[in-house]
Amino acid sequence: MSGSMNLKLKVWRQKNGNTPGKMVDYDAKGVSPDMSFLEMLDVVNEDIIKKGDQPIAFDHDCREGICGMCSLYINGKPHGPLNGVTTCQLHMRSFQDGETVVIEPWRAKAFPVVKDLVVDRSAFDRIQQAGGFVSVGTGGVPDANAIAIPKVVADEAFDAATCIGCGACVAACKNASAMLFVSAKVSQLALLPQGQVERKTRVENMVAQMDEEGFGSCTNTGACEAECPKGISLSNIARMNREFYSAVLTSEKV
Ligand code: SF4
Ligand code: FES
């Protein structure tokens with residue numbers, strides 16, 4: 001696509017978590033179809049700054065689909081209209097010249113708004129800290145193939161490990177459930193020999209932390225899988241449920 005585009009933006013502006021927010025209209029003029037969505041916001045922010053106003057706050061870091069920071073709800077979909085694409089990898093050629101684009105933050109009780117489009121996703125960090133690790137001295141880098149792992153198992157663990165912790169699954173879910181994220185983190189370790197240490201306490205502690213953070217329950221609607229930019233499978237939730245019940249039923253805790 002050549003030429004430039006003009007768009008109307010409706011952006012959620014909110015000073016902080018204690019102040020009510022509202023949608024504010026902006027014109028995005030002279031947008032190149034080859035710009036990423038975040039570059040388009042950068043250009044709009046330059047205009048806002050020139051006018052002496054506060055720029056739109058939004059999260060970003062790697063801008064290449066691996067850090068999970070760019071959490072925006074665009075036209076009613078987490079990460080925008082394309083499947084398997086994060087906001088930072090979404091290009092303006094996915095929109096029409098003259099289109100109105102609605103941009104909101106993730107909306108979930110466990111992800112409170114910090115400012116404008118930035119939400120606090122530290123609940124995910126606390127879930128990871130509750131058990132998403134292996135607490136043994138692992139030494140130096142082991143020789144390749146020192147621990148033989150069947151290809152199909154390695155592939156499944158790798159697929160689970162591609163979760164970038166963006167939170168789109170929570171934002172897409174009508175219950176604001178974090179089950180897809182937590183199950184990916186549980187699965188990537190439960191599937192591998194290296195993750196057998198603390199296997200039971202890991203799932204118990206991560207699920208307990210997930211509940212404490214205020215995420216909702218899973219009701220199997222599948223919106224999380226449909227909107228996940230990394231294609232994390234619902235089968236991880238089934239695995240986490242098996243891991244959890246097995247851990248609880250054989251737990252020595254009273
Ligand atoms: S499961 Fe998918 S949507 Fe959820 S945090 Fe991981 S990558 Fe993001
Ligand atoms: S900015 Fe890192 S995934 Fe988008």
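What follows is a walk through the sheet, the nonpolar cores and a few side-chain pairings of this predicted model. Because the model is predicted, local features are taken at pLDDT of at least 70 and side-chain atom pairs at pLDDT 80 or more, while totals for chains, interfaces and linings use all residues. Residues are numbered from 1 along each chain as its sequence is written, chains are lettered from A and ligands numbered from 1 in the order in which they are written, and side-chain values rest on heavy atoms, with hydrogens and water left out.

The sheet comes first. Helices and strands here are DSSP runs numbered from the N terminus (H or I and at least four residues for a helix, E and at least two for a strand). Five strands make up an open sheet with mixed pairing, in the order β2-β1-β5-β3-β4. At its edges stand β2 and β4 (77–78), each with a single partner strand, so one side of each has no neighbour in the sheet. Two strands count as paired if DSSP finds at least two bridges between them. In general, strands of a sheet pair through backbone hydrogen bonds, either parallel or antiparallel.

Strand β5 (residues 100–104) shows both kinds of pairing. With β1 (residues 5–13), β5 runs parallel, joined by four bridges, and K10 stands opposite V102 of β5. With β3 (residues 73–74), β5 runs antiparallel through two bridges. There, I74 sits opposite I103, and Y73 has E104 as its bridge partner. The two faces of β5 are not alike: V101 and I103 are on the covered face, whereas T100, V102 and E104 are on the uncovered one. Helix α1 (residues 37–50) lies across β1, β2, β3 and β5, at about 100 degrees to β2. For such angles, axes are lines fitted to C-alpha atoms, for helices over the stretch in contact, and the angle runs from 0 to 180 degrees between N-to-C directions.

Just past β1, T19 belongs to the loop between β1 and β2 (22–31). With a relative accessibility of 29%, T19 counts as partly exposed (buried is under 20% relative accessible area, exposed over 50%, partly exposed in between, with a 1.4 Å probe and protein chains only). The T19 side chain makes a polar contact with that of N16 at 2.7 Å. A polar contact is a pair of N or O atoms within 3.5 Å; within protein, one must be able to donate a hydrogen and the other to accept it, and residues adjacent in sequence count only if both atoms are side-chain atoms. T19 and V113 are 94 residues apart along the chain, yet their C-alpha atoms are separated by 9.9 Å.

Now for the interior. Nonpolar side chains tend to be buried together in soluble globular proteins. A nonpolar core is a set of buried Ala, Val, Leu, Ile, Met, Phe, Trp, Tyr and Cys residues joined through side-chain atoms within 4.5 Å. The largest one has 36 residues, and F111, F124, I127, V170, V182, M210 and F215 have the most contacts inside it. Helices α2 (122–131), α4 (168–172), α5 (179–190), α6 (199–212) and α8 (235–249) each supply at least two residues of this core, and α5 gives the most, with six. A second, separate core has 28 residues, among them L7, A28, L38 and I56.

Contact means heavy atoms within 4.5 Å. Beyond its neighbours within four places in sequence, V170 is in contact with A108, F111, F124, A176, S177, A178 and F215. S177 lies in the loop between α4 and α5 and is buried, at 6% relative accessibility. A polar atom of the S177 side chain lies 3.1 Å from the backbone nitrogen of M179, and the same side chain reaches the backbone oxygen of G216 at 3.5 Å.

Finally, the structure holds eleven salt bridges (a side-chain nitrogen of Lys or Arg within 4 Å of a carboxyl oxygen of Asp or Glu). E104 pairs in one with R107, at 3.3 Å between the closest N and O atoms, and R107 is partly exposed at 40%. D155 and K151 meet at 2.7 Å, N to O; they are four residues apart in helix α3 (residues 151–161), so about one helical turn separates them. E243 and R199 meet at 2.5 Å. E243 is in α8 and R199 in α6, so this pair ties together parts 44 residues apart in sequence. Within the pair, E243 is buried at 11%, while R199 is partly exposed at 33%.
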